[in-house]
Amino acid sequence: MRLALREALLSFRRAPMLSALSITTIAFSLFAFDLFGLVALNLRSALRQVESRVEIRAFVAEGTRADAASAAVGDVQSFPEVERVTLVSEAEALERARQELGEFEDVFDAGILPASIEVRLREGFRTPDQVREVAERLSKYDFIDDIRYGEEWVEKLYRLRTIATFVGLALGTTFALVSIIIIGSTIRMAVLARAPEIQVMRLVGATRGFIRAPFLIEGLVKGLLGGIIALGLSFVTYATLGRLVIQAEFFSVGHSLLGLLAGALIGFLGSAYSVDRHLRRVA
Amino acid sequence: MSAMVRFTRVTKQYPKGVTALDEVSFTLDRGEFTFLTGPSGAGKSSILKLIFVEERPTSGEVKVIGQSSVTLTPKKIPVLRRKLGVVFQDFRLLPDRTTAENIAFALEVTGAPPKRIDPKVMRVLEQVDLLAKADARPHELSGGEQQRVAIARALVNDPVLLLADEPTGNLDERSARSILDLLCEINRVGTAVLMATHDLDLVRATSFRTLELHHGRLVFDAGTMASGATAGVPGGSST
């Protein structure tokens with residue numbers, strides 16, 4: 001193991017240009033993937049933010065007794081889809097309208113705005129069908145006058161989300177495949193550059209595992225270094241964009257670590273594949 | 001004593017129908033020095049590759065140090081190779097390592113204990129008379145010296161059989177002679193040597209057994225002369 005480690009590190013020293021080249025290649029292909037990931041991440045969080053505003057508003061008929069309405073609020077709160085239920089009284093509705101539309105303050109008189117029950121749905125229960133379902137259940141209370149939940153835009157939003165998911169998956173897969181292919185051929189170059197060494201190892205009776213070990217370590221290290229550089233470049237891009245254009249979201253620590261792990265894994269597996277292919281061809 | 005290498009009706013065909021060896025049978029004993037001669041393409045390298053399990057026979061059986069080509073699994077190949085040493089016409093040294101490192105490499109990658117590496121390297125360097133060039137890189141050495149490094153590397157794992165594929169092919173006459181002398185010396189202390197060569201002057205300079213191949217067939221085996229199977233002068237038919 002110590003020898004494998006030494007040989008792996010030696011290969012960086014013996015062929016600094018080739019090593020730098022392959023790390024750079026790995027870094028840039030992972031960078032492209034990271035950028036895509038950032039775009040996808042931000043789109044998703046933007047969509048989620050919009051989605052979180054999906055709300056059902058049930059207007060309570062005038063003259064409804066307060067305890068009937070609050071009993072209903074209790075019932076609705078126990079629906080599995082429901083995140084939060086708020087009872088907005090007539091007075092509160094008026095107050096809110098005054099705040100939001102300050103310049104028209106004087107047109108609002110007490111009594112013109114009805115009380116309402118506002119229902120916010122949990123994440124994962126915001127498809128058009130589910131929203132409609134809850135709305136229908138609400139409408140069964142006989143003191144409910146009218147229900148609004150932005151039917152049209154809920155549907156549009158949902159469609160947008162579906163499209164975004166599919167496009168994201170397709171693009172993500174493509175980017176990942178391209179990275180893997182580029183990284184794989186880079187590593188293949190490194191393996192070919194060391195073909196004479198592999199030949200000698202086989203001549204003197206080194207086992208397959210022994211021959212593979214330095215390459216696997218080398219691939220792992222290159223993948224990891226490439227991943228770190230890619231993450232760094234992504235962060236610089238993100239910070240620059242944040243300063244110049246828009247405030248966006250960056251990968252969480254977990255996502256970042258996952259990205260580094262993926263880089264190391266691609267390097268490792270790419271090396272394993274290349275060395276095995278080479279060994280099969282020469283053995 | 002049982003044979004160290006036994007070929008039993010070995011045929012080797014390469015893709016595209018080229019027959020490199022055709023029903024070849026012979027045996028090599030422990031400690032024996034044997035020449036393998038014949039024109040280029042006669043199948044000399046194929047025989048070495050089969051012994052070394054770089055290739056497998058198309059039919060027939062190759063038995064090397066008790067391991068049969070019929071039953072040998074890929075896992076056992078490295079173990080077998082550690083008992084064999086090989087040198088080639090083109091030396092196959094690693095250009096970015098010194099003489100000592102090239103030799104040590106053979107021990108390191110076969111998992112030798114680090115403490116035992118240096119003494120062993122020094123011992124074989126002395127054996128091939130290259131102690132003074134231990135820190136030289138291959139490009140600083142002459143062809144003959146490079147081949148001696150390659151021989152040292154082949155010897156460092158204490159093989160019972162040394163295979164040499166045209167070891168003098170790239171060398172001038174004097175260097176060639178000294179390589180042959182070195183191989184004879186190695187043989188004298190107990191290692192069997194199988195040397196493929198088409199340099200008949202070298203063959204004639206010694207009185208070792210000679211196997212001659214022609215178009216993949218064994219046409220002459222001085223070792224069988226005693227039994228009267230074949231007559232002739234070693235190498236006589238290939239010039």
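The paragraphs below walk through a predicted model of two chains, A and B, beginning with the contact between them and moving on to helices, sheets and cores.

Where the chains meet, chain A contributes 13 residues and chain B contributes 14 residues. On the side of chain A that touches chain B, helix H1 (2-14) and helix H7 (195-203) of chain A each supply at least two residues. The largest share of this side, six residues, belongs to H7(A). Sorted by class, the side of chain A that touches chain B holds eight nonpolar, three polar and two charged residues.

Helix H2 of chain A covers residues 16-51 and offers a simple check of geometry. Its 36 residues, at 1.5 Å a residue, should span 52 Å, and the end C-alpha atoms lie 51 Å apart, so expectation and model agree. Several residues of H2(A) are buried, including A:Ser22, A:Ile26, A:Leu30, A:Phe31, A:Asp34 and A:Leu38. Among the elements that cover the buried residues of H2(A) are helix H6 (151-193), helix H8 (208-244) and helix H9 (253-282) of chain A.

Chain A also contains an open sheet of four strands, ordered S2-S3-S1-S4, with antiparallel pairing. Strand S2 (82-88) and strand S4 (144-148) of chain A are its edges, each pairing on one side only. From one strand to the next, the twist averages 20°. S2(A) and strand S3 (residues 116-121) of chain A run antiparallel and are joined by six bridges; A:Leu87, for example, has A:Ile117 in S3(A) as its bridge partner. In general, strands of a sheet pair through backbone hydrogen bonds, either parallel or antiparallel.

Chain B has a four-strand open sheet too, with the order S2-S1-S4-S5 and antiparallel pairing. Here the edge strands are strand S2 (18-28) and strand S5 (67-68) of chain B. S5(B) pairs with strand S4 (residues 59-64) of chain B over two bridges in the antiparallel sense, and B:Val64 has B:Gln67 in S5(B) as its bridge partner. Helix H1 (residues 44-51) of chain B packs on this sheet, where it touches strand S1 (5-14), S2 and S4 of chain B, and its direction makes about 115° with that of S1(B).

Nonpolar side chains tend to be buried together in soluble globular proteins. The largest nonpolar core in the model has 73 residues, and those with the most contacts inside it are B:Ile51, B:Ile103, B:Ala152, B:Leu163 and B:Val193. Beyond its neighbours within four places in sequence, B:Val193 is in contact with residues including B:Phe33, B:Leu162, B:Leu183 and B:Ile186. Another core, of 23 residues, lies apart from the largest one and includes A:Leu30, A:Phe31, A:Val221 and A:Ile266.

Technical notes. Residues numbered from 1 in each chain as written. Chains lettered and ligands numbered in written order. Predicted model: local features only at pLDDT ≥ 70, side-chain atom pairs only at ≥ 80, totals over all residues. Contact = placed C-beta atoms within 7 Å. Nonpolar A, V, L, I, M, F, W, Y, C, P; charged D, E, K, R; others polar. Expected span 1.5 Å × (residues − 1). Buried ≥ 20, exposed ≤ 12 C-beta atoms within 10 Å, placed from the backbone. Pairing = 2+ DSSP bridges. Axes fitted to C-alpha atoms, helices over the stretch in contact; angles between N-to-C directions. Core = buried A, V, L, I, M, F, W, Y, C linked by C-beta atoms within 7 Å.
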